[in-house]
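Open the model in your viewer and keep the sequence panel visible. Each stop below says what to select and what is there.

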Amino acid sequence: MDSSLALLIGATAVCAGAVGYLVPPRALGPRHAAVAVAVGVTGSFLLMLLLASVALPAVLGFVALFAAAVAYPVFRRDLGPRRAGVAAAGSAAVVTVSFLFVVYLAVIAFIAAIGVYLLLRDRVRIAPALIMTGTTLGGLLAASALVFWVSLTYVM
């Protein structure tokens, strides 16, 4: 693991922890939620790195499982179980396919999009929050593809 990836993982954990602090689950207080979310995100990335040394299908399976396991409980409260399942499956498919092209940046974009949704869902109606989540995910995935294209074109 190089230093830039470690920096991205750390920044993602800090941002996810900040969202956990601002929008804590009912069972945890803000501080405990922030620490739990940051540790969970960091542990997930470390597990992805460990699985990457084993095989690509193992990492892809974990990314799909991670995306669905995060998206379903987030969307279930607002969309109900059936629609939340469809949204979780769709987000898992998008993140997993994107992972093939932009590797870990797809997971970072997904975590940022879920953070946007959690911050917006209590402030605006559900439809605009979902639109902003999709826009955030799409924009960050496009930016990730651009970063990969530039790095492969000019750096290598």
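Select Leu-146, Trp-149, Val-150, Tyr-154 and Val-155, and show their surface: together these residues make a nonpolar patch of about 570 Å². Keep in mind throughout that the model is predicted.

Now narrow the selection to Val-155, one of the residues of that patch. Val-155 belongs to helix 5, which covers residues 126-155. Is Val-155 buried or exposed? Its relative accessibility is 65%, and the cut-off for exposed is over 50%, so Val-155 counts as exposed.

**Helix 5 and helix 4**

Color helix 5, then add helix 4, residues 104-120. A general point helps here: two packed helices are described by the angle between their axes and the distance between the axes. For helix 4 and helix 5, the axes come within 8 Å and cross at roughly 160°. Angles over 145 degrees count as roughly antiparallel, and helix 4 and helix 5 are therefore roughly antiparallel to each other. The crossing in which helix 4 passes helix 5 is right-handed.

**Helix 4 and helix 3**

Next, add helix 3, residues 56-102. At what angle do helix 3 and helix 4 pack? The angle is about 160°, and the axes are 7 Å apart. Helix 3 and helix 4 are therefore roughly antiparallel to each other. Helix 3 passes helix 4 in a right-handed crossing.

**Between helix 3 and helix 4**

Select Val-103, in the loop between helix 3 and helix 4. Most residues other than glycine have a negative phi. The phi of Val-103, however, is positive, near 45°, and Val-103 is not glycine. With a relative accessibility of 29%, Val-103 counts as partly exposed.

**The salt bridges**

For the last stop, select Arg-77, Asp-78, Arg-121 and Asp-122 and show their side chains. These residues are linked in a network of salt bridges. In general, side chains of opposite charge can pair when their charged atoms come close. How many salt bridges are counted? The count is three, and you can step through them as follows.

- Arg-77 and Asp-78: their side chains meet in a salt bridge, N to O, at 3.4 Å. Arg-77 is partly exposed, with a relative accessible area of 44%, and Asp-78 is also partly exposed, at 23%.
- Asp-122 and Arg-77: in this salt bridge the closest N and O atoms are 2.9 Å apart. The pair links distant parts of the chain, with Asp-122 in the loop between helix 4 and helix 5, Arg-77 in helix 3, and their positions 45 residues apart.
- Asp-78 and Arg-121: here the closest N and O atoms of the salt bridge are 3.6 Å apart. Asp-78 lies in helix 3 and Arg-121 in the loop between helix 4 and helix 5, so this pair ties together parts that are 43 residues apart in sequence.

Finish on Arg-121 alone. Is Arg-121 buried or exposed? Its relative accessible area is 13%, and buried means under 20%, so Arg-121 is buried.

Technical notes
Residues are numbered from 1 along each chain as its sequence is written. This is a predicted model: local features need pLDDT of at least 70, side-chain atom pairs count only at pLDDT 80 or more; totals for chains, interfaces and linings use all residues. Side-chain values use heavy atoms; hydrogens and water are left out. Patches are made of residues with over 30% relative accessible area and no salt bridge: like charges are joined within 9 Å, nonpolar side chains (Val, Leu, Ile, Met, Phe, Trp, Tyr) within 5 Å. Accessible areas come from the Shrake-Rupley method with a 1.4 Å probe; for residues, only the protein chains shown count as cover. A salt bridge is a side-chain nitrogen of Lys or Arg within 4 Å of a carboxyl oxygen of Asp or Glu. Helices (H or I, at least four residues) and strands (E, at least two) are DSSP runs, numbered from the N terminus. Buried means under 20% relative accessible area, exposed over 50%, partly exposed in between (1.4 Å probe, protein chains only). Axes are lines fitted to C-alpha atoms, for helices over the stretch in contact, and angles run from 0 to 180 degrees between N-to-C directions. Angles under 35 degrees count as roughly parallel, over 145 as roughly antiparallel, 65 to 115 as roughly perpendicular and the rest as oblique. A crossing is left-handed if the near helix is turned anticlockwise from the far one by less than a right angle, and right-handed if clockwise.
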